[in-house]
Structure formats: structure tokens, C-alpha cells
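Student: I would like to learn how to read an interface and a helix pair. Can we work through one case?

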Amino acid sequence: MSPFRSCPTTGLQVHRTADQLIKANAIVATVALLVGGVAALLVLLTRWEAVLLLEAEMFYRMLTVHGMNMLIFFEMAVLYFASAVLLNCRVPAPSTGWIAFVLMVVGTLMVEWTMWTGRADVLFTSYVPLRAHPLFYLGVILFAVGALTVVGHFFAILVVARREKTYEGSVPLVTYGAITAAAIAAVTLLHGAIIYIPTFLWSLDMMNVDAQMYRLIWWGLGHSSQQINVAAMVSIWYLLGALTVGAVVLNEKVSRTAFVLYVLFISMASAHHLLVDPGMGPAWKVWNTSYFMYMAVLASMIHGFTVPAGTELGMRLRGATQGLFGWLKRAPWGDPGFSSLAFSIVVFGFVGGITGVTFGTEQINIIAHNTLRIPGHFHATVVSGTAMAFMGITYYVIPLIFRREIAFYRLAKIQPYLFAIGMLIFSMAMTFAGTFGVPRRHWDIGFSQALFQPGFSPTVNLIIGVMAVGGLIAIVGGAIYIVVTVVSVFFGRKMAADDSGLGATGRGLPPGITNPPRALKPEDKEALGPSGRLGPVPGTMVLVLIFLAAFILYYFVNWMLLSFLWEVG
Amino acid sequence: MYRTGIEPPERIWWKKVGKHEKVWVWIAFAWCMVLFAMMPLWHVRGGQNPSGIRHRVEPADFQARVLEFVQEYQVGTDNGLPVVEPPPGSDVYLQASQFAWIPVVRLRQGAEYTLHLSSLDVNHGFGLLPLNINFQVVPGYDYGLRIVPNEAGEFHVMCNEFCGIGHHLMVGKIIVVGADEVADADTVAAGATNAAADGDTGPGGDR
């Protein structure tokens, strides 16, 4: 049997080992997602004061489980996909790939064991000197070594692909984005090694770890690892745009430069967590929290323009030219890949991005640090942004890699809507509750057993109720995703090798596969004619200006709220 | 001709940027500069900054300072915790440990204090309710923040950094005495002193 199979839909040469590695990583990712998701439900039902499901100890344990389990294996699958598959390349060291996979699984199992047996009630951040079982730290180290190996493997694939000339010229933009994600991952995982190895030794009483130093370096892992997600997510935006509507790249130079800005500056984000810490001075805080004068924010604002602009232009070139937003009207909203893409961009940008930059402002952090505003922010970025994009791409990976049709396709079509709307309500309510000072990571904000009862206004209870409803809707969306994915992969109708060329038919296939966007011809550009005052992508231009207005408003409202407080400094 | 993000680009892809795309990049860049300028500006013109006076401190030494502070200014107890009323302008020590804030502090509205925060064991979080003022409290570090309470009332300090299974039990208290109440108290105190001097039993003579 040839080590390659030819993908009938895209014509790409796919290495079978890459196939298997992607599958293995994706399956473990789904299991982790399921465990983390169940923990999410329990945490949610406890924070909802009206239910207060779990006892305090169990609540903190489940919160630890929830944080550790989400989203850990998907990136690995994405790395193999972006390198081996898109570049038609072989996986040069299959055994290394499998060793890395085993390391990650073993590490994960160690961490799971310590958490579930109550030996690591330290939450995701495990701030020293709060102590967990040594195997907790060792498990994280093994996982990080495995992940670092995958990153190294990814770079090896790129080198081999280049040497064996499996592609012409430069790598595609999606691969380029994945390379930046991998570069950030390398930096991130090194931080992990730097901090977890001493911490492991500390847990064995073999050395001391300074509490502030731990926070500094740990967040070099903790926040930067979310920037792997960002770079990977933006790559998937370009990928989903291309697959669903034939989105074009307006200018390779701009998009690629923006990715480089991520690599250069985004690791400075560790500072976002240390803005109201005693260990650093204002100059350090201002410089680092701003990612070198907001150059990584600039990168995101560029992608936030180029991705919708590429979508708009791709559709206009194919005839969707009516008015400002005719292209949005004509867009395939029934394609779960496209609806996921749209929600991912909007929620990531409008909720996650704006709140992130605002809370990451040195002084504004005084009214945001450790309140519910912080999880409100990162559920909008990591969950509604990254997870949503990854879910969207799954609806294409299942037919293209697993060669199966999507089971319960009608459910799959509404899944992005449920998940996105639920998460939107959830993260906005959470952020809003946080403005009242409601703390994150807290079992009982009624303080029923405490010495004093601060008590929040009744408005807070209402907002928490709204948050819970949003969260439950999102959990239903997440559950549908897991059911659809698992059933499709194991029991979905197999795609026959011959009925799956371009325009393959099948009821469980997204339109991007059954009716892929047609190839562009030089005449298309002439047919589009000259552009108006707002340029070739007027709809996007209007959308980004609305975004900017929302950003400016939210940012300065927060300065105003801050100015009402006691003088402090 | 345009290509998608999954196709390799043309051989030479370093091309001139379209006018409207360029405009957006410059708008975004300008906004980033505003974002950056706001932070130094607030240090100069704004009243709320997390700078503080920052030192390393051994937990045992900090505990000793808290003890000394309590002995010097204690005026009563509340739920078993000492209540302390330091004079305006003084250093105030607030100690975080699993799972209590010690002591309860009485401050005067409009007066400036230096509030020292530190922890004896693990990380804690200073969260002042209902105002929503938050600072990280790290063991081994003394965070001295100059504060000027601008309103009177009873405020609570919760812990907003997970510090162990009793995390949610950790609530302390800061009382701010209004400027008018302070004036009354001073009058009363002055009256009491006069009364004592006159050998009379005037108002406040029952103290």
C-alpha cells in the first residue's frame, strides 16, 4: 500500500501516518473536551447561587479539572494538518510522532489521577506555594515535553517538504500561520519547562521557588499558550474562509507581517496577570502589558479586517455584488463551517478582544483583576473564538480526513448557533457581573459561612442567572458537537473513494464540499468593475469602523469607572 | 490574480498594499498609540495607579509589624478580630493568611494612608467590596499602596485569589469614618478633655 493517499476532494497527497496522527490527537482531544465539559456543567451549576450544586472542596476540584482539560490536543492535530497535509509531505519520523503522543497521554493521565483523587486542588494556575502532589507537576512536564516534540516534528516536516519540493514557492498562508503558532508554542513550552521543573523539585522539598517569580514565568506559559490558540485560530479563519466561500487573501504581505508581529510580541502577555502585583514596577508593567506598544493588538486588528475582507472580496468576485452587505446575505449560513467562522470572528473580536485589551491596561486592571470579568474575557476568546473555529473546521476534517459523512447533519447545522449564542450570553453576563467586583474562582459569593457578609446587589443575582442560562445553552451546543463528532467518526456513512471528487454528493456533507466555490478567473476581477469610495470591500470597511467605535467606547467607559474610585497608588 | 489561504502564493508576494487596507492599518496603528499613551498619562494625571512602594519582606517580619501595629492602635474587637484606628498619614498593615484578613481597620474619609499588604502563606487577593478595587497579595512581598478613601461606610475585603479550600470564608473589613462624623468625634473628645480639666461630668464624662 502506498504511504500516501490522494484526497479526491482537494487533490492533495496525504501521508497515511499524518492521517493517523491527526486522528489519534483529535480523538484524545475530544475525550479531554468531554471531561472538561462535564466539569464545566458542574462548575456552572455551583456558581449559579440558586443551585449551588457542589460542596466547596468538590467545586474547586472540578474547577481545576475544567481548566486543565479543555483544548489541549487539538493544536497538535492542527499542526500535522497544516504541515503534512497542506504541503503534500510525508511525516519524516512517525515513531517520534507516536512517542510524543504517548508522552502527552501519559502526562495527561498523571495529571487527571492527581486531580480526581484530590491530590491537586490547586486550580489550573497551581500558584506556588499552594502545594499539589509531585506527580501533578511531573505529568505537566511530560505533557509539555511531548508537545514540544510535536512542535519540533512540525518544523522537521517543513524542512523535509522544502527539500523534497512538495510545494512550489512560499508556503500557503494557512501553513504560515500555523508556523507562527508553532513558534509561539516553542517559546511557551520552554516557559513551562523553566517553571515546572523547579516546581516539581520544590514539591519534593529539594529547592525553593519564589511566589512572584513563579507567577511571572508561569504566565509566560499560561497566557502565551492562549496565544498559540490565537495564531492557530486565525489560521483556521483563513482556512475556513477558503473552504466555505473561496475567501481570497487581499495582500499576502500584510497578513504575513501581522503573523510575525504575533511571534515577536505576544509572549509579553505574561504581564497581563501581574499588573496589580507587588513584584514589578510601572515601567515594566506598561511596556510589557502593551506588547511593545500594542503591536500584537495591531496584528489582531489587521486579521480582523483581512479575514472578513477576503471573504467579502471572494464572494464579490463570484457575483455577490449587491450593496454593502449583499455578500453576507448570500453567504452559506447553513454551512456549519461558515457560521462557525462568522461567530468566531465576531465574538472573539467584539467581546474577547475589546475586553482583553481594556482589562490588560495597567490601571484599569485594578477594577478587573481576579473578578469574573477575566473569565468573561477568556471564554469569549478561547471558547467562542478558538473552540468555535476548531469546531467549524471539524465539519470539514471529518469528510476530508476521516472520509465519513457528518452524522445528524441537521443538528450539526444548528450547533454553531446554539454554542455561539450561549457563549455570547454567558461571557457578556460574566463580564458584566465582574464589574460589580464579583470574584472569579469563588465557591459562594453569598459568603454564607464567612465572618462578614459583604453581599452583592440583587442585580448581581440576576446577571448570574442570565450567565447560567447562557452557559447551559452553550453546553447543549458543546454536547451536540461531541455527539455529532463521535458518531460521525465511528459510525458515519463512509465516503466511497469514487463518489467523493469535487462536488461529492451526500446529505451529510457541508456545501463547501458538495458545491465548492468555483475557481476564480482573471475576468472576474474585470467583471467586478471599479470600486466605490469605501474601496473594494465596503461592507468590511463599515464593519471594522463599527468595531472600532465599540472599542473606543468600552475603553473610555472603563477609565471613567476607574476615576470614581478611591485614590490609590 | 487573488488566491486563497490554502494555495501557495505567487512567487513574488511582497506587493503594494491596497489603499483601503492601508488606511485601516494606519487607523489601527493610531489607536494602538492612543492605548499606549493612556497608561503613562494616567500616571501623571490620574488618581488610581498600581505602582505602590514595593519591597521584599519575610512573612515572619511582616507578621511582627502587623502585631506591633495592632498593639499600638487597637480600639476594640469585631467578631474576634482586633479593630485598629491608626492616625491619618500613618502606615496601615493588613495581613492575609489562610483564611483571614487581620486586623479590621478604621480609616478617616479624605485622609491619606499607606496600606501595606502581604501574605504569611500562599497567594491571596485583596478585593474591596462594593468598590471593586483589586490587588494581588504575594507572600514574601510588601505592597505599600497610598490610599485616600473618598467615601464613608463599611467596606469588606474578600479574598479573590484561590488560597485553599476555605478560600470563600476569607472576608475582612475596612470602616471609613465620614469627615462630619470625625469632626463630631473630635468635638466630643475635646469636650471630654475640658470636662475632665474642670473636674465636671459633662458630655463624654462617662468614658
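**Reading the contact between two chains**

Tutor: The contact takes 77 residues from chain B and 88 from chain A; two residues are in contact if their C-beta atoms, placed from the backbone, lie within 7 Å. This is a predicted model: local features need pLDDT of at least 70, side-chain atom pairs count only at pLDDT 80 or more, and totals for chains, interfaces and linings use all residues. Residues are numbered from 1 along each chain as its sequence is written, with chains lettered from A and ligands numbered from 1 in the order in which they are written.

Student: Which element gives the largest share of the side of chain B that touches chain A?

Tutor: That is α1(B), with 17 residues. Helices (H or I, at least four residues) and strands (E, at least two) are DSSP runs, numbered from the N terminus.

Student: How many residues of each class does that side of chain B have?

Tutor: It has 41 nonpolar, 25 polar and 11 charged residues. Ala, Val, Leu, Ile, Met, Phe, Trp, Tyr, Cys and Pro count as nonpolar, Asp, Glu, Lys and Arg as charged, and the others, Gly among them, as polar.

Student: How do I read two packed helices?

Tutor: Two packed helices are described by the angle between their axes and the distance between the axes. Here α1 (residues 16–47) and α4 (residues 94–116), both of chain A, pack at about 5°, with axes 10 Å apart. Axes are lines fitted to C-alpha atoms, for helices over the stretch in contact, and angles run from 0 to 180 degrees between N-to-C directions. So α1(A) and α4(A) are roughly parallel (under 35 degrees). Their contact has 6 nonpolar, 3 polar and no charged residues.

Notes: Parallel < 35°, antiparallel > 145°, perpendicular 65-115°, else oblique.
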